[in-house]
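Biologist: Please take a close look at one pocket of this model, and then relate it to the other spaces and to the ligand site.

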Amino acid sequence: MRMTVDSTLGARPADPGAPPLAPGAVPMLGHAGSLLRDPLGFLTALREGGDVVRLRLGPRTAYAVCDPSLVAALLRSPDFAVGGPLWDTMGVLLGKGVATSNGALHRRQRRAVQPAFRMDRIHDYAAVMEDEARRTADRWTDGETVDLGAEVFRTATRVVARSLLRVDSIDERADRLAAALHTVFEGLYRRMILSFGPLYRLPLPANRRFEHALADLHRMVDEIIAERRAATASGVATDDLLAALLDDRDENGEPVDEQEVHDQVVSLVVAGAENVAKTLTWVFQLLAEHPEHEKRLSEEVESVTGGRRPVAFGDLGELAYMRNLITESMRIRPAVWILTRLATVDTTLGGYRIPAGTDILYSPLAMQRDPRAFTDHLSFDPDRWLPERAADVTPAAHAPFSVGNRKCPGDHFSMAEMAVILGTVVQKWRLVATEETDSTARIGITLQPRSARLQVRAR
Ligand code: HEM
């Protein structure tokens with residue numbers, strides 16, 4: 001078996017050993033109980049045990065990487081592939097699309113999707129983002145309490161479908177997609193934490209709901225693809241991401257099969273809707289908690305747009321405070337809180353031996369709240385991202401879109417979309433916490449507030 005040594009990571013022992021066992025393992029379960037009970041607290045405390053620590057999750061061993069520069073090295077090393085508990089579980093939903101494939105298949109799939117995310121293409125999507133932002137803000141009435149989580153999920157689904165897939169008849173499907181994804185993500189989280197296959201084949205109501213939602217999601221994607229094929233066959237030419245996926249060829253120059261097109265579409269819709277929606281929900285929640293920041297934001301938007309609605313893509317370059325606010329929100333309340341990898345060969349990381357087949361995990365949330373990397377690490381402080389304060393920040397500790405060859409292709413797309421929606425909402429509404437609002441993180445595959453039910457008050 002190939003043995004590589006990562007030369008980027010400083011001095012290491014001549015004979016690298018296994019990383020230390022994280023504190024708190026109990027017989028049989030190891031660390032699984034602590035991880036189940038309080039995943040965020042548990043993962044955050046791991047840094048006390050070292051830069052890389054060993055976890056025992058029942059019969060399985062996994063390594064947790066706690067140091068930001070080692071995480072960056074992990075993500076850039078060819079010795080680790082997308083895999084491990086998160087991605088193995090997500091494969092149930094995503095099949096073999098760009099987010100879950102590896103090696104040559106991943107490189108080809110990534111080449112097929114990447115052009116759709118170039119800056120000039122994002123410019124083309126601006127009209128959809130602006131239209132959806134205005135529709136969202138115009139749906140509400142003064143004094144109404146709205147579920148911001150559900151609202152922005154719907155909006156994000158519509159933006160992905162209308163911009164990347166040019167699906168026009170999305171009204172009913174956006175709600176169906178959002179409902180199906182909600183159920184599927186809940187079920188997937190359970191399957192990630194407790195990976196006991198037979199349990200999920202039992203005819204229990206939760207399993208039936210999961211299967212039904214998963215089937216509905218796949219059915220909708222099949223419908224979208226079939227409609228496009230029919231339109232193309234009748235002579236309608238469309239130049240978008242879906243067209244690129246349908247035209248993609250495999251390594252033999254043959255058209256890629258139907259399943260691959262399907263998996264690619266699922267991967268993009270899921271990644272695009274889920275991450276944007278959860279991130280934006282946290283931004284709105286934070287604004288309700290911090291009226292002083294909401295006021296500053298609305299003043300900036302007003303001074304840049306002069307009251308013109310909706311906020312336009314062309315305004316974004318001037319909305320510097322908004323950008324810092326979104327960045328800070330992603331730091332302190334990230335949607336993506338855990339990511340996993342699989343060691344594909346015997347290798348080393350941070351001076352420790354990592355055998356092939358080891359599951360590796362790390363937590364963006366733990367890194368982004370590390371007091372060694374951020375001054376006043378638990379404060380919501382958008383100004384920490386001002387250029388003159390950049391020295392306060394350890395760059396490797398904050399990579400909400402990841403780094404390396406799996407870096408999110410949707411980074412610029414999402415930042416533009418979130419800014420247009422956020423700006424357009426605050427032009428019209430103040431968001432006020434209600435008795436139902438609950439900022440405690442609800443833990444799933446991604447994080448979201450337990451209840452983002454906020455009252456909207458006209459400005
Ligand atoms: C705020 C919004 C978003 C966040 C925070 C986010 C975050 C991430 C992160 C952290 C990864 C890397 C995962 C890993 O390293 O294992 C990723 C990958 C990915 N994201 Fe995003 N994402 C967002 C929005 C989007 C959007 C809008 C799209 C597309 C419409 C998208 C599509 C993807 C895809 C396809 C991948 C897999 C890339 C690959 O493996 O080559 N994401 N995203």
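Modeller: The second largest pocket has a lining of 20 residues, and those nearest its centre are Ala-32, Leu-57, Met-192, Ile-193 and Ser-195. The model is a predicted one, and every value below is computed from it. The volume of the second largest pocket is about 440 Å³. Four elements each contribute at least two residues to the lining of this pocket: helix H1 (32-37), strand S2, helix H8 (171-193) and strand S8. Sorted by class, the lining of the second largest pocket comprises 14 nonpolar, 4 polar and 2 charged residues.

Two of these elements lead on to an enclosed space. Strands S2 (60-65) and S8 (359-362), together with helices H2 (39-45) and H14 (364-368), each supply at least two residues of the lining of the largest cavity. S2 and S8 therefore serve in the lining of the second largest pocket and also in that of the largest cavity. The largest cavity holds about 80 Å³ of space. Its lining has 13 residues, with Leu-43, Val-65, Cys-66, Ser-363 and Ala-366 nearest the centre. By class, the lining of the largest cavity consists of 9 nonpolar, 2 polar and 2 charged residues.

In total, 2 cavities of 30 Å³ or more are counted. The second largest cavity has a volume of about 30 Å³. The residues that line the second largest cavity are Ala-112, Leu-245, Asp-248, Val-256, Glu-260, Val-261 and Gln-264. Helix H11 (residues 258-289) provides the largest share of this lining, with 3 residues. The classes in the lining of the second largest cavity are 4 nonpolar, 1 polar and 2 charged.

H11 also connects this account with the ligand. In the shell around the ligand, H11 is the element that gives the most, with 6 residues. The shell has 26 residues, and His-106, Arg-110, Arg-341, Arg-406 and Cys-408 come nearest to the ligand. Divided by class, the shell around the ligand contains 15 nonpolar, 8 polar and 3 charged residues.

Cys-408 has a further role at this site: its SG atom, at 2.3 Å, is the only protein donor of the iron atom of the ligand. Donors are counted within 2.8 Å of such a metal, and so the SG atom of Cys-408 qualifies. Cys-408 is placed in the loop between H14 and helix H15 (411-428), and H14 is one of the elements in the lining of the largest cavity.

Polar contacts with the ligand come from both backbone and side-chain atoms. A polar side-chain atom of His-106 is 2.6 Å from an oxygen atom of the ligand. At Val-98, a backbone N or O atom lies 3.4 Å from a ligand oxygen atom. For Asn-275, an N or O atom of the side chain lies 3.4 Å from a nitrogen atom of the ligand. The elements that give two or more residues to the ligand shell are helix H5 (103-113), H11, strand S5 (339-343) and H15.

One residue may be added as a separate detail. Ser-163 belongs to helix H7 (residues 148-164). Ser-163 counts as buried because its relative accessibility is 1%, and the cut-off for buried is under 20%. The side chain of Ser-163 reaches the backbone oxygen of Val-159 at 2.6 Å.

Definitions and conventions: Residues numbered from 1 in each chain as written. Predicted model: local features only at pLDDT ≥ 70, side-chain atom pairs only at ≥ 80, totals over all residues. Heavy atoms only, no water. 1 Å grid on protein atoms, 1.4 Å probe; cavity = no way out; pocket = protein on both sides within 12 Å on 5 of 7 lines; lining within 4 Å. Points joined across faces, edges and corners; volume = space filled by probe spheres on them. Nonpolar A, V, L, I, M, F, W, Y, C, P; charged D, E, K, R; others polar. Donors = N, O, S within 2.8 Å, 3.2 Å for Na, K, Ca; no water. Near = heavy atom within 4 Å. Polar contact = N/O pair within 3.5 Å; in protein donor to acceptor, adjacent residues only side chain to side chain. Buried < 20%, exposed > 50% of the residue type's maximum accessible area, 1.4 Å probe, protein only.
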